[in-house]
Amino acid sequence: MGLFSKEPCVICDNKVGFLSRKRLVNKEGYICKECEKKCSEFINVGHFTKAEIEEHIKYMEKQNKLYHEAFEPIDKKHINRFVSISTGLEFANEIAMFRVVSPKAKKKEYQELFRYDQINHYEPYYKENTNSNSDKKYAEVGLTIHLNCSRRGFGEAEGSVTGVGARNFHPYVKELQIPTARNVNDFSHVGLKDYLDKLFGTYEDTSVVGSIKSSFVGTNKQRSEMKVAAEGLKALGNLAKSKITKSEADSENAKESMETLKNDALDFATGNRATYSKIANEVEDRILNS
Ligand SMILES: [Zn+2]
């Protein structure tokens, strides 16, 4: 059991030396470099048990299938890409999922996707410049994206797990830090934050053209409110009609309007996440359950 002795990997059983392995939590054994490539770049294998690693690798196999069958076939024109300093995000609205592009991801055996509805909130981050040779204020700026996460952090109390099994909770990742610029004086998000604001309905165009436009057609929020109100009136109308005519078609219409109303109201309350959940669930069901 010396430092230079070879130890078996708990996953593949290959005997590996000190430099090619990592120790699992609770001294449960070691995982080799090759098996670690099957894990997400966003987890620390040292915080996982053997059983958790096995479960995680199964999760990554599914993610890889989703990536190759749902994300990869999408026409590049429909992928919204925000990549600077070789790291960034690619959004695919038609499946309501995104992926992280990074040098680390390229070395991994499996690709993984994140769902739009897993995004809880996001905010800019800044790293002050400590290099005296640079006159720029920040060494790096970017966006921290906080995800709903069902895994408790390392060292947290037992029993604090929330959202287990809910698909809008990521099973492993709590946050993603996405750098957008280095050596700058201000927050340069290269459109990433605006894009997220648009996705979640919080974007307000502050340009002159934008404020003229919103004085005519209202802000995003006002438009969503009007849409919910209009759907509400339509649903009530259809319901009244179906009561009067007692026809099956009318009652079907009424049911449909109520569903639309419910979804619009939910979207308004959740920043479009209700629709994103629906889209992502359909994609996952189609690809993973077939
Ligand atoms: Zn191994």
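**Close-up views of a predicted model**

**Figure 1. Strand 5 and its partner, strand 6.** Strand 5 pairs with strand 6 (residues 87–92) in the antiparallel sense, over six bridges. To find your place along this pair, look for Val 83, which stands opposite Gly 88 in strand 6. Keep in mind that this is a predicted model.

**Figure 2. The open sheet of four strands.** Step back from that pair and you'll see an open sheet of four strands in the order 5-6-7-8, with antiparallel pairing. Which strands stand at the edges? They are strand 5 (79–84) and strand 8 (114–115), and each has a single partner strand, so one side of each is left without a neighbour in the sheet. As a bit of background, strands of a sheet pair through backbone hydrogen bonds, either parallel or antiparallel.

**Figure 3. The open sheet of three strands.** Here the order is 9-10-11, again with antiparallel pairing. Strand 9 (119–128) and strand 11 (175–184) are the edge strands, each pairing on one side only. Going from one strand to the next, the twist averages 15 degrees.

**Figure 4. Strand 10 next to strand 11.** Now zoom in on strand 10 (residues 138–147), which pairs with strand 11 in the antiparallel sense over eight bridges. A handy pair to look for is Thr 144 and Gln 177: Thr 144 stands opposite Gln 177 in strand 11.

**Figure 5. Helix 6 from end to end.** How far should the 26 residues of helix 6 span? At 1.5 Å a residue, the answer is 38 Å, and the end C-alpha atoms of helix 6 are 37 Å apart, which agrees. Just after helix 6 comes Lys 246, with a positive phi of about 55 degrees.

**Figure 6. Helix 6 packed with helix 7.** Helix 6 (residues 220–245) and helix 7 (residues 248–270) pack at an angle of about 160 degrees, and their axes are 8 Å apart. Angles over 145 degrees count as roughly antiparallel, and the two helices are therefore roughly antiparallel to each other. Their crossing is left-handed. What sorts of residues make up the contact of helix 6 with helix 7? There are eight nonpolar, nine polar and seven charged ones.

**Figure 7. Finding your way around the domains.** The protein chain is divided into domain 1 (1–36), domain 2 (49–202) and domain 3 (209–270). Between the C-alpha centres of domain 1 and domain 3 there are 59 Å.

Technical notes:
Residues are numbered from 1 along each chain as its sequence is written. This is a predicted model: local features need pLDDT of at least 70, side-chain atom pairs count only at pLDDT 80 or more; totals for chains, interfaces and linings use all residues. Axes are lines fitted to C-alpha atoms, for helices over the stretch in contact, and angles run from 0 to 180 degrees between N-to-C directions. Angles under 35 degrees count as roughly parallel, over 145 as roughly antiparallel, 65 to 115 as roughly perpendicular and the rest as oblique. A crossing is left-handed if the near helix is turned anticlockwise from the far one by less than a right angle, and right-handed if clockwise. Ala, Val, Leu, Ile, Met, Phe, Trp, Tyr, Cys and Pro count as nonpolar, Asp, Glu, Lys and Arg as charged, and the others, Gly among them, as polar. Two strands pair if DSSP finds at least two bridges between them. The expected span of a helix is 1.5 Å times one less than its number of residues. Domain bounds come from an automatic or database domain assignment.
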